[in-house]
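Visitor: Hey, got a few minutes to walk me through this model? I'd like to go through it bit by bit.
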Amino acid sequence: MTSLASTTTTVSSGACRLVILVSGRGSNMQAIVRAIESRGLAAQVVAVVSDKPAAAGLDWARQQGLETCALEPGAYVNREAYDQALAQTVQAYSPDYVLLAGFMRILSDAFVHQFSGRLVNIHPSLLPSFPGLKTHENALKTGVQWHGCTVHFVTPELDNGPIIGQAAVPVLATDTPQSLAERVLVVEHRLYADVVEWLADGRVSLQDDGRVAVTDLPTRACVLASNDADAADVTLIKA
Ligand code: GRF
């Protein structure tokens, strides 16, 4: 694993500039946009970028009056050329952070290095368990009793960067991959919004040992307090 440089982020002037990358429905992006508004976070989504021109998330963003941009991989000779164009597009918005929110492409090392320490992803499992696809199905097959999601800095190794926060839900005996995914999605929305708040406040730092610290936060663990998939039931554990 390539380690990220040790950094402390300070958002000195103005709102923290976020570029969000989506490939599909964009519910995490929506949760972030709504949290910025409802909680008055010091953050601003300066663009939503997609590899799929027809992505529902892109449509939603457009309707909110957000700047959007679609870059189709088919228009480029190879992955490197695509990622180079993507990097140029993203960089043009001068982001403080680039948030992957259901962006379903593996990014090249060059892209990851360019945005090192500023590139954040949400993955629907409690990493390092279940990297890659079909996480809910694999969790059920394995018989784990807790499942969840992880927000982490991105490194070239897939789903393996320093963990910023995690949120867990109990696995129910009656769960299907679909029902488990729905329950995890509730905490994804809550966790990603919380992480954006910490990033915007300049409280997230990457330590020399490669781990993340968040100022004034004894834990970055969330649990779903009941089986009712109601966002109001998502509580942050206080250590
Ligand atoms: C989420 O489960 C996210 O963790 C995963 O892909 C899904 C995207 O959902 N990477 P959405 O587009 O945010 O609704």
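Visitor: Which way do α1 and α6 cross, left-handed or right-handed?
Guide: The crossing of α1 past α6 is right-handed. Keep in mind that this is a predicted model.

Visitor: Noted. What angle do those two axes make, and how many Å apart do they come?
Guide: The axes of α1 (residues 27-39) and α6 (residues 177-200) cross at roughly 50° and come within 9 Å. Helices α1 and α6 are therefore oblique to each other.

Visitor: Which residues meet there?
Guide: From α1 you have Ser-27, Asn-28, Ala-31, Ile-32, Ala-35 and Arg-39. They meet Leu-185, Glu-188, His-189, Tyr-192, Ala-193, Val-196 and Glu-197 of α6. Sorted by class, this contact of α1 with α6 has 7 nonpolar, 3 polar and 3 charged residues.

Visitor: OK, and α5 against α6, what's the angle there?
Guide: About 115°, with the axes of α5 and α6 9 Å apart. The angle range for roughly perpendicular is 65 to 115 degrees, so α5 and α6 count as roughly perpendicular to each other. Their crossing is right-handed.

Visitor: Which residues does α5 use to meet α6?
Guide: His-136, Glu-137, Ala-139 and Leu-140 on the α5 side, meeting Pro-177, Leu-180, Ala-181 and Val-184 in α6. By class, the contact of α5 with α6 has 6 nonpolar, 1 polar and 1 charged residues.

Visitor: Switching topic: what's around the ligand? Which residues are closest?
Guide: The ligand is surrounded by 15 residues, and the closest are Arg-25, Ser-27, Asn-28, Gly-102 and Pro-124. Ser-27 and Asn-28 should ring a bell, as both are among the α1 residues that meet α6.

Visitor: Which helices and strands supply at least two residues of that shell?
Guide: α1, β5 (119-123) and α6 each do that.

Visitor: And how does the shell split by class?
Guide: The shell around the ligand has 6 nonpolar, 7 polar and 2 charged residues.

Visitor: What about domains, where do the shell residues come from?
Guide: Domain 1 (16-115) and domain 2 (123-239) each give at least three residues to the shell around the ligand.

Visitor: Last thing, the loop between β5 and α5. Is the peptide bond from Leu-127 to Pro-128 cis or trans?
Guide: That bond is cis, with omega near 10°. Pro-128 is in the loop between β5 and α5 (135-142).

Visitor: And Phe-130, is its phi positive or negative?
Guide: Positive, about 55°, although Phe-130 is not a glycine. Phe-130 is found in the loop between β5 and α5 too.

Note on methods. Residues are numbered from 1 along each chain as its sequence is written. This is a predicted model: local features need pLDDT of at least 70, side-chain atom pairs count only at pLDDT 80 or more; totals for chains, interfaces and linings use all residues. Axes are lines fitted to C-alpha atoms, for helices over the stretch in contact, and angles run from 0 to 180 degrees between N-to-C directions. Helices (H or I, at least four residues) and strands (E, at least two) are DSSP runs, numbered from the N terminus. Angles under 35 degrees count as roughly parallel, over 145 as roughly antiparallel, 65 to 115 as roughly perpendicular and the rest as oblique. A crossing is left-handed if the near helix is turned anticlockwise from the far one by less than a right angle, and right-handed if clockwise. Two residues are in contact if their C-beta atoms, placed from the backbone, lie within 7 Å. Ala, Val, Leu, Ile, Met, Phe, Trp, Tyr, Cys and Pro count as nonpolar, Asp, Glu, Lys and Arg as charged, and the others, Gly among them, as polar. A residue is near a molecule or strand if its C-beta atom, placed from the backbone, lies within 6 Å of it. Domain bounds come from an automatic or database domain assignment.
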